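Me: I am new to this structure and would like a close look at a single part of it. Please start with the whole chain, then move in.

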Amino acid sequence: WTPASCATRASQAGPCRPLTDEELARLRAFFQRQPRELALMEVMLSSARVGEALALKVADVWDFARNDVKTNADGTAIIPIHGEKGDFGSLLLTPQAIAALRAWLKGLPLCPDAPVFPSGQTREAVSDCRARQIFVAAFRELGLVGQLSTHAFRHTWAQKMADAGMSAMWLMQAGRWRSIESVLSYVRFSANKQALQVAQIMQSA
């Protein structure tokens with residue numbers, strides 16, 4: 001794929017579906033000997049957009065490389081993240097993402113300005129297009145069907161948070177969305193839960 005054709009395919013793909021726990025287990029096994037891809041997947045499963053994950057620099061995760069990171073009581077940790085529109089925010093990494101990053105960083109030269117996910121031996125980050133190719137190829141090899149791309153990982157995170165009871169307002173903040181409407185189009189709440197969400201939004205408007 002050329003970058004142009006990759007962008008066209010992405011724009012025509014439509015909404016992704018979330019992955020099941022069984023599918024995630026198969027993907028983790030598939031990438032077990034590919035630490036870069038596994039770490040990238042786990043960061044996206046922590047709510048990062050693919051562009052946000054690929055924009056990470058070694059300086060952003062410096063403490064992971066030195067095994068000096070301070071985690072929260074639940075095993076999570078916060079890192080800075082660079083938004084796709086030039087803004088900054090924070091990302092709450094899951095324990096799985098922390099473990100995968102530590103394993104991957106062991107093989108990286110610790111240059112603060114280097115990308116966390118470099119392309120081969122270069123100092124350039126893996127491109128969005130190349131990341132899509134890697135994961136779409138994995139989906140196909142594992143026989144996973146439906147609308148799937150790198151966006152499926154963020155979608156999976158959002159749906160899991162909604163299923164666990166996180167409100168649309170909290171999801172909007174944690175997932176760095178700009179509107180409640182985006183959140184409600186992203187995840188499926190149960191009928192009763194969705195009615196309650198809408199009522200709460202109307203009350204706060």
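What share of the 205 residues of the chain counts as buried? After that, take me to helix α2 (21-30). Which residues does Leu 27 touch there, leaving aside its neighbours within four places in sequence? And which residues line the second largest pocket nearest its centre?

Reply: First, the whole chain. This is a predicted model. Of its 205 residues, 42% count as buried. The chain has eleven helices and two strands. Read along the sequence, the order is α-α-α-α-α-β-β-α-α-α-α-α-α. Take the contacts between residues at least 6 apart in sequence: 60% of them join residues at least 24 apart.

How far can the model be trusted? The mean pLDDT of the chain is 83. Of its residues, 80% reach 70 or more. Residues 1-5 have a pLDDT below 50, and that stretch makes six contacts beyond near neighbours in sequence. Residues 7-13 are also below 50, with three such contacts. Where pLDDT is low, the predicted coordinates should not be read in detail. I leave those stretches aside.

Now the part you asked about. Leu 27 sits in helix α2. Its relative accessibility is 0%, so Leu 27 counts as buried. Which residues surround it? Beyond its neighbours within four places in sequence, Leu 27 is in contact with Leu 19, Met 41, Ala 138, Phe 139, Leu 142, Leu 144 and Phe 153. Leu 38 is eleven residues away from Leu 27 in sequence. In space, their C-alpha atoms are 8.5 Å apart.

The same helix also holds a charged pair. Glu 22 and Arg 26 both lie in α2, four residues apart, or about one turn of the helix. Their side chains meet in a salt bridge, 3.9 Å from N to O. Buried or partly exposed? Glu 22 has a relative accessibility of 48%, so Glu 22 counts as partly exposed. Arg 26, at 32%, is partly exposed too. Set this beside Leu 27, which is buried at 0%.

A further salt bridge joins the side chains of Arg 17 and Glu 23, 2.7 Å from N to O. Its two partners fall into separate classes of exposure. Arg 17 is partly exposed, at 22% relative accessibility. Glu 23 has a relative accessible area of 9%, which is under 20%, so Glu 23 counts as buried.

Helix α3 comes next. It spans residues 35-44 and holds Glu 42. Glu 42 is a buried residue, because its relative accessible area is 3%. Not counting residues up to four places away in sequence, Glu 42 touches Arg 28, Gln 96, Ala 97 and Ala 100. A salt bridge also links the side chains of Arg 36 and Glu 37, 2.7 Å from N to O. Both of these residues are buried. Elsewhere, salt bridges with shared partners tie Arg 49, Glu 52 and Arg 176 into one network. The structure holds seven salt bridges.

After that comes a loop. Ser 47 lies between α3 and α4 (50-54). It is buried, with a relative accessible area of 1%. Most residues other than glycine have a negative phi. Ser 47 has a positive phi of about 105°, although it is not a glycine. Arg 176, from the salt-bridge network, also has a positive phi, near 60°. Arg 176 is in the loop between α9 and α10 (180-186). Its relative accessibility is 18%, under the 20% limit, so Arg 176 counts as buried.

Last, the pocket. The second largest pocket has a volume of about 390 Å³. It is lined by 22 residues. Nearest its centre lie Leu 45, Ser 46, Leu 92, Thr 94 and Trp 157. Which elements give two or more residues to this lining? They are α2, β2 (88-93), α8 (151-163) and α9 (168-174). So helix α2 appears here again. By type, the lining divides into ten nonpolar, eight polar and four charged residues.

To sum up, α2 carries the buried Leu 27. It also carries the salt bridge between Glu 22 and Arg 26. And it gives two or more residues to the lining of the second largest pocket.

Definitions and conventions
Residues numbered from 1 in each chain as written. Heavy atoms only, no water. 1 Å grid on protein atoms, 1.4 Å probe; cavity = no way out; pocket = protein on both sides within 12 Å on 5 of 7 lines; lining within 4 Å. Points joined across faces, edges and corners; volume = space filled by probe spheres on them. Nonpolar A, V, L, I, M, F, W, Y, C, P; charged D, E, K, R; others polar. Buried < 20%, exposed > 50% of the residue type's maximum accessible area, 1.4 Å probe, protein only. Contact = heavy atoms within 4.5 Å. Salt bridge = Lys/Arg side-chain N within 4 Å of Asp/Glu carboxyl O. pLDDT = per-residue confidence, 0-100.
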